[in-house]
Number of protein chains: 2
Amino acid sequence: MKYSNATNYALHTMVYLIHLPQGNTVGVQELAKIQKLSPTYLSKILTKLTKAGLIESTPGVKGGYKISRFQNEVTFYDVIKAIEGDTNLFDCSIHHEGCLIEETMRQAEENMKKELQAKLLIDIVKKAEAERSVETNQ
Amino acid sequence: MKYSNATNYALHTMVYLIHLPQGNTVGVQELAKIQKLSPTYLSKILTKLTKAGLIESTPGVKGGYKISRFQNEVTFYDVIKAIEGDTNLFDCSIHHEGCLIEETMRQAEENMKKELQAKLLIDIVKKAEAERSVETNQ
DNA sequence: GATATTAAAGACTCTCGTTATCTATAATAT
DNA sequence: ATATTATAGATAACGAGAGTCTTTAATATC
């Protein structure tokens, strides 16, 4: 019962892309080097993010990936959903409907999802920048 | 990213055991038949619940499983923890400490855990009985 | 004490999703 | 045209979960 490594890499890549100067594109080679991953593997993850509309890709020379226009609105849940899909943590294995156990589990999960839907990636970036600025001023 | 089938079976078994008249013991054969599982497989799950102190087991003739003394206090999270272990949904794959992504994910997960720690299994049993009683009176 | 019954433990197999690699194809800038 | 970069597909390696079988330990009954 864990989020996949892919989700891990996706979140880190998104944060990295958001923290870049607006409009900058980065190739998968560079992104892979940062996280010490093989480019082909990371590219699968990036394609999922692209299809979800979270980043934009352009092939060819000077191509690469950049954050989509909606960077200020991207939430943790957006990224998770793009990678893991929109599944439930718990499905009742026995009852076909009206399982009270499932109801309870779903409700707890739903609240976690809502919390992750309320967390913006850009807040992480801002927080990291704020911390770094404090360090520099010391 | 799903809770295991074992957790599913464990929750259902716990609810079944709680709903029994106090002190009754049931063998794994009967419990397995109800959920259409092999006895040996279910027995692994029951052993975990026993080690966690949620149920009590007695071998031998007239032996079997029964809910432990603390049946009124058993929470959803107790059962999940007994089966899945006490792990985190998310571990940062890159940073060794102070990962802001991890912090955010952990906090959301922590709140879900707290919610599941507040949900008593016995409430499910009571609710089911209440619903059944309504049906009977119609 | 012998026997039947039941839980616990260990070894083992099977399956499936994740992880990852390799190759080929499509798109783009120079 | 050529170099560069993303996309897609096939495929392999791996590990966790699911499940079975067999043996051992504990308990009640006779």
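Look first at the surface near DNA strand D: in this predicted model, α3 (39–51) and β2 (64–67) of chain A each put at least two residues into that surface, and so do α1 (5–19) and α3 (39–51) of chain B. Strand C has a surface of its own, again with elements from chains A and B. The two protein chains can be laid on one another with an RMSD of 0.1 Å.

**Around DNA strand D**
- There are 26 residues around this strand, and S57(A), S4(B), N5(B), S38(B) and G60(B) come nearest.
- The top contributor to the surface is α3(A), which gives five residues.
- Sorted by class, the surface near strand D has ten nonpolar residues, 15 polar ones and one charged.

**Around DNA strand C**
- Here 25 residues surround the strand, with S4(A), N5(A), S38(A), G60(A) and S57(B) as the closest.
- From chain A, α1 (5–19) and α3 each supply at least two residues of the surface near strand C, and from chain B, α3 and β2 (64–67) each do so too.
- This time α3(B) gives the most, with five residues.
- The class tally for the surface near strand C is nine nonpolar, 15 polar and one charged.

**How chains A and B relate**
- To lay chain B on chain A, you turn it by 180° and shift it 0.0 Å along the axis, which gives an RMSD of 0.1 Å.
- That is how a two-fold axis relates two copies.
- Both copies use the same surface: 100% of the contact residues of chain B turn up again in chain A.

Technical notes. Residues are numbered from 1 along each chain as its sequence is written. Chains are lettered from A and ligands numbered from 1 in the order in which they are written. This is a predicted model: local features need pLDDT of at least 70, side-chain atom pairs count only at pLDDT 80 or more; totals for chains, interfaces and linings use all residues. A residue is near a molecule or strand if its C-beta atom, placed from the backbone, lies within 6 Å of it. Helices (H or I, at least four residues) and strands (E, at least two) are DSSP runs, numbered from the N terminus. Ala, Val, Leu, Ile, Met, Phe, Trp, Tyr, Cys and Pro count as nonpolar, Asp, Glu, Lys and Arg as charged, and the others, Gly among them, as polar. Copies are superposed by least squares on the C-alpha atoms of residues with pLDDT of at least 70 in both. Two residues are in contact if their C-beta atoms, placed from the backbone, lie within 7 Å.
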